[in-house]
Amino acid sequence: MGYSGRVKITPSICIMACGKCGDLQHSQRFCEVKDKICFRCGSTDHERGKCKSAVQKCLICARHKRPSTHGFMTYLCPLYREAVEKQLAREGMGLGERTLEEFIMESDEHTLS
Ligand SMILES: [Zn+2]
Ligand SMILES: [Zn+2]
Ligand SMILES: [Zn+2]
């Protein structure tokens, strides 16, 4: 499973995420984390593609000491929502008729397969 560090959530909006630790504020090049972390459960034993955990844990929120019992890069994550909102503003895109939740869920269907 190749993870490029760039997550495309619609044909026109891209959220930068660190390919090693998942942080939204730096890229892999500037990452200080040594081990790759599973983006699904937060374990360093395996990568996301091999994850068998039933419990999802948000790496970013855990690191920022926030409630983290939600999936990483889902609309449940306040930090991810913030990143999407900022990116939309930067690209001058609006949500149209959709709510942010609908926008993210719709985008997930295109990419997280
Ligand atoms: Zn990182
Ligand atoms: Zn895992
Ligand atoms: Zn989160």
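**Reading Phe-39 and the core**

Modeller: Start with Phe-39, in the loop that joins strand 2 (14-16) to helix 1. Keep in mind that this is a predicted model.

Colleague: Is Phe-39 buried or exposed?

Modeller: Count the C-beta atoms around a residue; 20 or more within 10 Å make it buried. Phe-39 has 24 such neighbours inside 10 Å, so it counts as buried.

Colleague: Which residues does Phe-39 touch, beyond those up to four places away in sequence?

Modeller: The contacts are Gly-22, Arg-48, Leu-59 and Phe-72. Look at Cys-58 as well. It sits 19 residues from Phe-39 along the chain, and their C-alpha atoms are 7.6 Å apart.

Colleague: How do I place that loop in the whole protein? What is the order of the elements from the N terminus?

Modeller: Read them as β-β-α-α-α. That gives 2 strands and 3 helices.

Colleague: How many residues are in the largest nonpolar core, and which have the most contacts inside it?

Modeller: A core is a set of buried nonpolar residues linked by proximity. Here the largest has 18 residues, and Leu-59, Ile-60, Phe-72, Cys-77 and Tyr-80 have the most contacts inside it. Helix 1 (59-63), helix 2 (78-90) and helix 3 (100-111) each give two or more residues. Helix 2 supplies the largest share, 3 residues.

Colleague: What does Ile-60 contact, leaving aside neighbours within four places in sequence?

Modeller: Ile-60 meets Gly-22, Asp-23, Leu-24, Phe-72, Cys-77 and Leu-79.

Colleague: What share of the 113 residues is buried?

Modeller: The buried share is 23%. As for contacts with a separation of 6 or more, 27% join residues 24 or more positions apart.

Note on methods: Residues are numbered from 1 along each chain as its sequence is written. Chains are lettered from A and ligands numbered from 1 in the order in which they are written. This is a predicted model: local features need pLDDT of at least 70, side-chain atom pairs count only at pLDDT 80 or more; totals for chains, interfaces and linings use all residues. A nonpolar core is a set of buried Ala, Val, Leu, Ile, Met, Phe, Trp, Tyr and Cys residues joined through C-beta atoms within 7 Å. A residue is buried if 20 or more other C-beta atoms lie within 10 Å of its own, exposed if 12 or fewer, and partly exposed in between; C-beta atoms are placed from the backbone. Helices (H or I, at least four residues) and strands (E, at least two) are DSSP runs, numbered from the N terminus. Two residues are in contact if their C-beta atoms, placed from the backbone, lie within 7 Å.
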